[in-house]
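Please open the structure in a viewer and keep the sequence panel visible. The tour below proceeds by selection, one region at a time.

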Amino acid sequence: ASQAAAAPVQTPTSTHSSKETYRHTKRTAKDYIFGKLIGDGCYSTVFLAKDIHTGKEYAIKVCEKSHIVRNQKVQYIKREKDALNMLFNVPHGFVKLYCTFQDEERLYFVLSYAKNGELLHYINKVGSFELNVAKFYVAELLLALEKMHAKGIIHRDLKPENILLDENMHLQIADFGTVKILEPEKIKSPTPTVPEDQDSAVRSRKISFVGTAQYVSPDLLQNRVDTRASDLWALGCIIYQMISGLPPFRASNDFLTFQKIQKMDYEFPEGFPAEAKDLVEKLLVLDHTKRLGSSDTGDTYESIRRHPFFEGIDWENIWEQTPPKIS
Ligand SMILES: NC(=O)c1nn(CC2CCNCC2)c2c1CCc1cnc(N=C3C=CCC=C3)nc1-2
C-alpha cells in the first residue's frame, strides 16, 4: 500500500523564503485541519479539510493501509492515483489530485473540494430536471467522458452520487477507485464494431469488480468485458434519471435489478421528451458494440454530440457558461 501512494519527495530548495518553502515540502496530515466527514466508502473516508498555510479547502481521502492490503485493494489504489494523475491537466470535468502522502497507518489523497456536492442531491431536491438543465449537464458529462476515454480510463461506476458540482455549479466526476486503465496499445477507437477486434475491450478472467447495480452494464455483468461502452450505458441511465427522477432499472434487491438489466426491462414515463427517449434508447443497448458512440474514432463522441437531444449546446464554450438554474 505504501508503494501505491508513494510519490517522489519534493526536497525543499534553499532559495525559497521560509514562507515559500512550505510550498515545496512534502505535506503531512499536520498541514491540514480536518473538518466534517463528506464521504465514507468501503476502503476510504473523505473529509473536508483546510490547509493551515493557505486556508484553502480540500477533500482529503484517507485509506487505512491494513484494510487495503487485507482486502487486496492495493491495485485499485494505484489505478485511482494513476487515473487522477493522468487527468490532472484536463481543465474541466474532474476532481483534481493535488498531492498524496502517508503515515504509518494511512494513505492520504488531497483532492479538490466540489463545494456543491452530488448531482443526485439536486435531482432528489427538485424531483427531476427541466430539459434545458438535463441537456447542459449531460453535455458536460459527455465532454468529461470523452477526455477520460481518450486516455483509456474507464470509470466503471458512474452514477449521480459520483458526479459532483463545483462552486460554480459545473460538473466534476469523482471517485476513481473503480477505474480500469487500458494499456496504451489498446487506447484505440472506442469499443470496436468488428467482433474480433475486441482488444480495446478488456476481458477480465474473473469478475473483479461490478459497479452500482442500477447503473452497471450488461457487458460487465455477463461477459465480464470492461469497455468504455460500459460508461456509455451508465450515461444512458443517468440521462433517464435526470429527466424522470429515478434510474431506469430498479428493484427491491440487486439480483432483481441485474435481471431487469439483462432483460432490458424498463419503460419511459408518460411525457418523457421524445429526443431524450431516442438518445437513451440508443445508449441502453445490450450489445456494447452497438451503443451510440461505440464506433466513434478519435477523441470525441461525434455520433452522440450530433444527436438532436443536444440541439443548441455550445460544445466549445460550455465550461465558461453559467449553468442553468436547477429548479
Ligand atoms: N471517494 C472519493 O474519491 C470521493 N468521495 N467524495 C465524497 C463522496 C460523497 C458521496 N458521493 C460521492 C462523493 C469526494 C471524493 C473525491 C473528492 C471530492 C471532492 N468534493 C466532494 N464534495 C462533496 C461536497 C458535499 C457533499 C459530498 C461531497 N466530495 C469528494
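**First stop: the sheet of three strands**

Select F94 and then I173 in β9, which is its bridge partner. The model on the screen is a predicted one. Extend the selection to β4 and to strand β9 (residues 171-173), which pair in the parallel sense over 2 bridges. Adding β8 completes an open sheet of 3 strands, in the order β4-β9-β8 and with mixed pairing. β4 (93-94) and β8 (163-165) stand at the edges; each has a single partner strand, so one side of each is left without a neighbour in the sheet.

Next, display helix α6 (residues 131-150). This helix lies across β4, β8 and β9, and runs at about 40° to β9.

**Second stop: the sheet of five strands**

Select β1 and strand β2 (residues 45-51). They form a hairpin with 4 residues between them, and they pair in the antiparallel sense over 6 bridges. Two pairs of residues may be highlighted here: I33 stands opposite K50 in β2, and D40 has T45 in β2 as its bridge partner.

Now add β3, β6 and β5 to the selection. The result is an open sheet of 5 strands with antiparallel pairing, in the order β1-β2-β3-β6-β5. Which strands stand at the edges? They are β1 and β5 (97-102), each with a single partner strand, so one side of each is left without a neighbour in the sheet. On average, neighbouring strands of this sheet are turned by 25° against each other, direction ignored. Select α4 as well: α4 packs on the sheet, where it touches β3, β5 and β6, and its direction makes about 25° with that of β6.

When side chains are switched on along these strands, one general point is useful. In a regular strand, side chains alternate between the two faces of the sheet.

**Third stop: the largest pocket**

Select S44, V46, K61, N162 and D175. Of the 38 residues that line the largest pocket, these lie nearest its centre. The volume of the largest pocket is about 1,000 Å³. Which elements each supply at least two residues of its lining? They include β1 (32-40), β3 (57-64), α4 (74-86) and β6 (106-112). Colouring the lining by residue class gives 17 nonpolar, 10 polar and 11 charged residues.

**Fourth stop: the cavity**

Rolling a probe the size of a water molecule over the atoms shows where empty space is left. The count comes to 1 cavity of 30 Å³ or more, and about 40 Å³ of space lies in the largest cavity. To display its lining, select R156, D157, L158, Y215, V216, S217, L220, S230, D231 and A234. Helix α8 (residues 228-244) gives the most to this lining, with 3 residues. By class, the lining of the largest cavity divides into 5 nonpolar, 2 polar and 3 charged residues.

**Last stop: confidence**

Finally, colour the chain by pLDDT. The mean for the chain is 90, and 86% of its residues reach 70 or more. Over residues 7-14 the pLDDT is below 50, and this stretch has 11 contacts in the model beyond near neighbours in sequence. Select residues 192-199 next: there the pLDDT stays under 50, and the model has 12 contacts for them beyond four places in sequence. Where pLDDT is low, the predicted coordinates should not be read in detail. For the complex, the predictor gives an ipTM of 0.99 and a pTM of 0.91.

Definitions and conventions. Residues are numbered from 1 along each chain as its sequence is written. This is a predicted model: local features need pLDDT of at least 70, side-chain atom pairs count only at pLDDT 80 or more; totals for chains, interfaces and linings use all residues. Side-chain values use heavy atoms; hydrogens and water are left out. On a 1 Å grid over the protein atoms alone, a cavity is a set of points where a 1.4 Å probe fits but cannot get out, and a pocket is an open set with protein on both sides within 12 Å along at least five of seven lines; lining residues have an atom within 4 Å of a point. Grid points are joined across faces, edges and corners, and a volume is the space filled by probe spheres set on the points. Ala, Val, Leu, Ile, Met, Phe, Trp, Tyr, Cys and Pro count as nonpolar, Asp, Glu, Lys and Arg as charged, and the others, Gly among them, as polar. Two strands pair if DSSP finds at least two bridges between them. Contact means heavy atoms within 4.5 Å. Axes are lines fitted to C-alpha atoms, for helices over the stretch in contact, and angles run from 0 to 180 degrees between N-to-C directions. pLDDT is the predictor's confidence in each residue, from 0 to 100.
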